[in-house]
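I opened the notebook to look up how the chains meet and how one sheet is put together. The entries follow in the order in which I checked things.

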Amino acid sequence: MTAPKDIFLPPLNREIGSSHPINQVKAELTELLTSFGFSVAEGPEVETEEYNFDKLNIPATHPAREMHDTFYVNNKSQVLRTHTSPVQVRTMLGSKPPIAVVSPGKVYRKDDDATHLPMFHQIEGLYVDEDVNFAHLKDLIYKICHSLFGEEAQLRFRPSYFPFTEPSAEVDVLFGDKWLEILGCGVVNPKVLDNCGIDPKQYSGLAFGLGIERIAMLKYKVNDIRDFYKSNLDFLRQFK
Amino acid sequence: MKIVYSHLLNLLEQQPKLEELSELLFQLGHEHEIDGEVLNMEITPNRGDCLSLKGLARDLNYFYQAKELPKSDMEMPALDLQFDNKAQELCPNISFMEIEIEKVPTKYKPYLESYFADLGINKNNFFTDISNYLAYESGQPTHCFDQSTMQGHFTLAKKELKTKFKTLLDTEIELTDENLVFSLDDEVISLAGTMGGASTACSANTTKVLVECAYFQPEEILGKARKYNLSSEAAYKFERGADYLCQEDVLRRFLHIVSEHTEIKTVAFYSEQNKTTLAEVPFDPNRLNAVVGINITEKEQLGYLSALGFVAGKNMTVPAHRSDVDQLNDLAEEVTRMIGYNNIPSQVLALPVMAKQNKRSIEDQVGRYLINQGCFEVINNPFTDFEGKDAIAVDNPLDKQRAMLRTCLMNSIRTNIAYNQNRQKDSIKFFEFSDIYKTSGTERRFALAVSGRVNKNAKEFNAQLDYGYLKGLVNSICTDIIKIQPTYELADKRGYDFYEALKLNGSKIGGLGKISKETIDSKIKTPVFACELTIGDLEVPDNSFIPISDFPASYRDLSFSLSNLDKVGILTELVNTTTENHDLLTESFIFDFFQNKKLNLLKLGFRFKFQAADKSLTDEEIDQIMDKLISDSMALDGISIEGL
């Protein structure tokens, strides 16, 4: 049988585009966390010092509040949020436990070099209820890391320091023979609950935060964080 | 902070191997890298008490038993010091020790020698060398004044200053604003807690020294070294909180080290102690277990805490070096560190099921559509140089080019286009969703830009992305996703060759047009078409099912002749309105567009679909709608239908 002529016509390829790789990772993380039962909460990027620092137990004397770490705007009356934690503050002030929210978004620090950018993305989670403890936090972190890096992923919890959690931990995941820091977490500092109108005698909470660029760099093996923000089509085309 | 493994072992009764010690330091939260015998420690900012051999040994006490190093028990008569502490709030505890030695030693004991050799630190002079070593060993900074230079009224005070100050490292700085300083008469001799001055510094010949040992409030020291661009280990330690009761012990240790090296002629001691009460934290073993999610006995908890220097009583008394502990959760962290975070068993966490809002996001829907059309999403940072009077200024920008926050997305998109045009990219389709920031508030914006080839295939390679392509994308977003028919209005806009404002339900939400080439920093002449819309108030309506009609559909085609291009919009609006107003007219679209400039011909073909849910339509019913449309269109200036 003779093949019809149309069969030999050249295909009319039409390229599809892609969402930004950082937003892809953000969406994946958000989907993962919402599948655990978290809701998504968002908040403003231009924040008050009260929500960005004071209510999170970061005192006026804390180094993070110095001009070399934080961008101040509007004649120092506001800041560009340095983390997405103020969204958690707003959520706690506006609702009663049980609270289970994740807040993904852009954050700003006064840094600009090969490993730090003045703007980057975080996703943070907060769960406040009765009888929430550090052992629960570990379970959640295992679930998150195993979902992201596979069930065989080895984790290491290290004590750390964040003013808004106590106890606080950093979590490393073993890649080859190297431990890489993946996230920070902890039991919500009772002072923060109190600042946000939640009785720390009745309720406790857990919180965690991941740097989205860090996860994206690991996932896609991108070595230079600045590549994400050059808007180079050759770069963006690789994330279809 | 660098410490040497063997130096740390000198302060421990048990002698763990380096690997075991390293693992335990990680367990306790002291991250580090190992370089030979040197541990490069990253101590968390709340643990100023661990910035020394003694501090780390204290933290390891439960596991390896910390050793007390010998201190001098020499009798120290009172020092007749005319010292005026005018800043007791900022420096509540301060001690001085005056030592006179027979002669300056030429050789150091092995432990002191190895401090300099193993860490590659330069020696200075005898007393300063001991002071530096002692800061490494005990964590407490001390400062040595050459007693022969200490003539005048000696004060510590917070002063408003504008004066030059030469540090002991011979750098000259200008002190400005308020500073806590030691002075002799009016001369500043030391920037308290940060760095001493050259005029009273010890030298190789100093045989009589006045050693100062103090506790400064961290917030007073914070930022001073950075302000004056000084590298100060003392400031680093004071900023993170020092032991407020250690002064005499540290000075007795200082004296002991001196006595190991040379003969002491005289010694005298002066002390002011205003902060002496130890902090207390309410302690409840059950609540502590509840914070961590463990069930260990009170005895076990106390075993861990007492090894760290806490003293159990009605409340838990906090040792003077632990300024970071002020609540039960802090004690819980201490116990958890001792057990090891990795050794705490997980407890299954099941989040309560709560009602979720499953609103369809406009950004998801629009993004998905554009990606299918070959568009790539970009993310730009918000910093720019100037964006008009409504822009928010950054008070402490990275540089002049990033001193404001952007008030629109289009300038960033222009930069993205130029970046790629300059790199020979000939088909560019970008979009971005982002907040923009104005003094009047924040807005959520969407931007889209296209330039270059339509696609890379045999049919579309030579076709160029044009205004119609852009407008088609925007139109589809409005009609298919937001489900509102947009209207357009010609307008002037800076930075565009032509521009149409876009309205939804009568409200202007932005616009689209052809970007002026001179606003794009690229030599490529390919035109760029772009759109920016405010989308914060827009929602994707929920889909609701409309029963599908089993009755046949009828189609009508109509070809209009137009006198010029600006009639396209007018005619389209009429067709859209007619479609919206008649339930039986279920769909209408342009299926043909023909233009011949030479013959001055412009034709637009519309297809109309008619269908009813409950019956077959008659020709009369269809004609009634079509006739009205025809008569309405003929009434429009410059629009005709051939044969009518």
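Before reading the sheet I fixed the rule for pairing: I count two strands as paired if DSSP finds at least two bridges between them. By that rule, 7 strands of chain A form an open sheet with mixed pairing, in the order E1-E5-E6-E10-E9-E8-E7. I noted strand E1 (39–40) and E7 of chain A as the edge strands, each pairing on one side only.

Entry on confidence. I am working from a predicted model. For chain B I read a mean pLDDT of 94, with 99% of its residues at 70 or more. The predictor gives the complex an ipTM of 0.94 and a pTM of 0.90.

Entry on the E7 end of the sheet. How do E7(A) and E8(A) run relative to each other, parallel or antiparallel? I found them antiparallel, joined by 5 bridges. The connection from E7(A) to E8(A) is a hairpin through 5 residues. Across this pair I located Phe157(A) opposite Val171(A), the latter in E8(A).

Entry on what lies over these strands. I looked up which helix of chain B lies across E7, E8 and strand E9 (178–188) of chain A. The helix is H13 (residues 328–339) of chain B, and it runs at about 35° to E8(A).

Entry on the contact between the chains. I recorded 64 residues from chain A and 69 residues from chain B. On the chain A side, the elements supplying at least two residues each include helix H1 (21–36), strand E6 (119–129), strand E7 (155–159) and strand E8 (165–175). Which element of chain A gives the most to this side? I found H4(A), with 7 residues. Sorted by class, the chain A side has 32 nonpolar, 18 polar and 14 charged residues.

Entry on the domains of chain B. The domain assignment lists domain 1 (2–64), domain 2 (83–273), domain 3 (280–342), domain 4 (362–534) and domain 5 (554–641). I took the first two further: over C-alpha atoms, the centres of domain 1 and domain 2 of chain B are 26 Å apart. Their contact takes 11 residues from domain 1 and 12 residues from domain 2 of chain B. On the domain 1 side, strand E1 (2–4) and helix H3 (53–59) of chain B are the elements that give two or more residues. H3(B) has the largest share of that side, 3 residues. I counted the domain 1 side by class as 4 nonpolar, 4 polar and 3 charged residues.

Terms used. Residues are numbered from 1 along each chain as its sequence is written. Chains are lettered from A and ligands numbered from 1 in the order in which they are written. This is a predicted model: local features need pLDDT of at least 70, side-chain atom pairs count only at pLDDT 80 or more; totals for chains, interfaces and linings use all residues. pLDDT is the predictor's confidence in each residue, from 0 to 100. Domain bounds come from an automatic or database domain assignment. Two residues are in contact if their C-beta atoms, placed from the backbone, lie within 7 Å. Helices (H or I, at least four residues) and strands (E, at least two) are DSSP runs, numbered from the N terminus. Ala, Val, Leu, Ile, Met, Phe, Trp, Tyr, Cys and Pro count as nonpolar, Asp, Glu, Lys and Arg as charged, and the others, Gly among them, as polar. Axes are lines fitted to C-alpha atoms, for helices over the stretch in contact, and angles run from 0 to 180 degrees between N-to-C directions.
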